[in-house]
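Reader: I would like to learn how to read a model of this kind, starting from the overall layout and working down to single residues. Could you take me through it one feature at a time?

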Amino acid sequence: MAQESPKNSAAEIPVTSNGEVDDSHEHGFNRDLQRSLPAGLGLSETQITSHGFDSTKEGVIEAGAFQGCPAPPLPSVMSPSRVAASRLTQQGSDLIVPAGGQRTQTKSGPVILADETKNPAMEKLELVRKWSLNTYKCTRQIISEKLGRGSRTVDLELEAQIDILRDNKKKYENILKLAQTLSTQLFQMVHTQRQLGDAFADLSLKSLELHEEFGYNADTQKLLAKNGETLLGAINFFIASVNTLVNKTIEDTLMTVKQYESARIEYDAYRTDLEELNLGPRDANTLPKIEQSQHLFQAHKEKYDKMRNDVSVKLKFLEENKVKVLHNQLVLFHNAIAAYFAGNQKQLEQTLKQFHIKLKTPGVDAPSWLEEQ
């Protein structure tokens, strides 16, 4: 009688003739094993080995951790190899390793990889550096021009027009100041004439023996006050128009001139810098600096040309506007003064109608915005 094959300490698994495991016996064994173990006891790994009569291979069955509660019988699962198990573990993980080798933790849904954002502090630092370098070059250029060492780009025709504009602005400001003084004095005179007319009218009513004399003087002073208010309206209109011309139109042109002068200083500063680099040696270290300086010089040259064209256009339009405005205002001022001192009340009123000037009624406040609507 042949010696029986050694049995495993756990159980004996009958096999079929072709070496496959009998599922019915295995299911029964699993139920008996689960009933025999106490609740809560986990099995990390259970291996059951059976030896066939005619086969030398072993069948290995792995069971997962036991959760402590009875479950319906499951079919047997043949354990994969360790390499396959590690692959399955990596596939079940929520880490996706891109081609670059960086790990990106993902959740459910599409994966979005954010681009690298620029550091705002570095951008501000770069702006401050460029501003400091530009300020240094421009300051050096200004000092060199004042000391007579540096060269300066000059447009003779444009510079002459700018000088004339600045000189005219000073003269117009003087005329504006004198006209404002005349308006203030005329207002005081008109106010005094109105008060004097009221005093004469009061005495005309109380002095019967001088009723006619006081009445004539009262009428004369009131008429002068009325004509003075008309002239005052014309002078104030003249002041408002000249003030707009001087402090808005001419000032706007001079602001463009200041921008043009700043662009000219920057242009000369970078031109001088490029000339100094061209005079020096040319090697591997200086060639990149020369190319960068050439690029900056070209950019500031384009800016300088643009500002020069803007100033030329504004000066042309300003000259046309100035002639038109001053022509009308000077005619108004002359006709109003001549009619007032000639005592021609109709001519004075006609002058105001010609220039569409409306006088404010004394003692009446301006209408509110609601009434104007």
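Author: What follows is a walk from the overall layout to helices, their packing and a few buried residues. Please keep in mind throughout that this is a predicted model.

Reader: Which elements does the protein have, and in what order do they run from the N terminus on?

Author: The protein has 8 helices and 2 strands, and from the N terminus on the order is α-α-β-β-α-α-α-α-α-α. Buried residues make up 25% of its 373 residues. Among contacts between residues at least 6 apart in sequence, 69% join residues at least 24 apart.

Reader: What does the UniProt annotation cover, and how much of that span is helix or strand in the model?

Author: The unreviewed UniProt entry carries the annotation "coiled-coil region" for residues 155-182. In the model, that span is 96% helix and 0% strand, and its end C-alpha atoms lie 41 Å apart.

Reader: How should I read the span of a helix, taking H6 as the case?

Author: The general idea is that an α-helix has 3.6 residues a turn, so residues three or four places apart point the same way. In this model, helix H6 comprises 57 residues, 286-342, and it reaches 81 Å from its first C-alpha to its last, which is close to the 84 Å expected at 1.5 Å a residue. Just after H6, Gly343 takes a positive phi of about 75°.

Reader: Which residues touch the most other members of the largest nonpolar core, and which helices supply it?

Author: In soluble globular proteins, nonpolar side chains tend to be buried together. Here the largest nonpolar core has 41 residues, of which Ile162, Leu186, Ile250, Tyr260 and Val311 touch the most other members. At least two residues of this core come from each of helix H4 (156-206), helix H5 (211-279), H6 and helix H7 (345-354), and H5 gives the most, with 17 residues. To take one of these core residues, Ile250 is in contact with Leu165, Lys169, Tyr172, Leu245 and Leu318, once its neighbours within four places in sequence are left aside.

Reader: How do H3 and H5 lie relative to each other, and which residues make the contact?

Author: Two packed helices are described by the angle between their axes and the distance between the axes. For helix H3 (residues 120-147) and H5, the axes come within 9 Å and cross at roughly 90°, which means that H3 is roughly perpendicular to H5. The contact involves, among others, Asn134, Lys137, Cys138 and Gln141 of H3, together with Ala269, Tyr270, Asp273 and Glu276 of H5.

Reader: Is Lys137 buried or exposed, and what does Lys137 touch?

Author: Lys137, which is in helix H3, has a relative accessible area of 9% and therefore counts as buried, because the cut-off for buried is under 20%. Not counting residues up to four places away in sequence, Lys137 touches Ala269, Tyr270 and Asp273. The C-alpha atoms of Lys137 and Asp273 are separated by 8.3 Å, although these residues are 136 residues apart along the chain.

Reader: What surrounds Ser183 and Gln193, and are they buried or exposed?

Author: Ser183 lies in helix H4 and is buried, with a relative accessible area of 10%. Beyond residues up to four places away in sequence, Ser183 touches Leu232, Ile235, Asn236 and Ile239. Ser183 and Gly233 are 50 residues apart in sequence, and their C-alpha atoms are 9.1 Å apart in space. Gln193, likewise found in helix H4, is buried with a relative accessible area of 12%, and with the same sequence neighbours set aside Gln193 touches Gln221, Leu224 and Ala225.

Reader: Where is Leu352 placed, and with which residues is Leu352 in contact?

Author: Leu352 belongs to helix H7 and is buried, with a relative accessible area of 5%. Leaving aside neighbours within four places in sequence, Leu352 is in contact with Thr230, Ala234, Ile357 and Leu359. From C-alpha to C-alpha, Leu352 and Ala336 are 7.9 Å apart in space, while in sequence they are 16 residues apart.

Notes. Residues are numbered from 1 along each chain as its sequence is written. This is a predicted model: local features need pLDDT of at least 70, side-chain atom pairs count only at pLDDT 80 or more; totals for chains, interfaces and linings use all residues. Side-chain values use heavy atoms; hydrogens and water are left out. UniProt positions are given in the numbering used here, feature names are shortened, and annotations may be inferred rather than shown by experiment. Helices (H or I, at least four residues) and strands (E, at least two) are DSSP runs, numbered from the N terminus. The expected span of a helix is 1.5 Å times one less than its number of residues. A nonpolar core is a set of buried Ala, Val, Leu, Ile, Met, Phe, Trp, Tyr and Cys residues joined through side-chain atoms within 4.5 Å. Buried means under 20% relative accessible area, exposed over 50%, partly exposed in between (1.4 Å probe, protein chains only). Contact means heavy atoms within 4.5 Å. Axes are lines fitted to C-alpha atoms, for helices over the stretch in contact, and angles run from 0 to 180 degrees between N-to-C directions. Angles under 35 degrees count as roughly parallel, over 145 as roughly antiparallel, 65 to 115 as roughly perpendicular and the rest as oblique.
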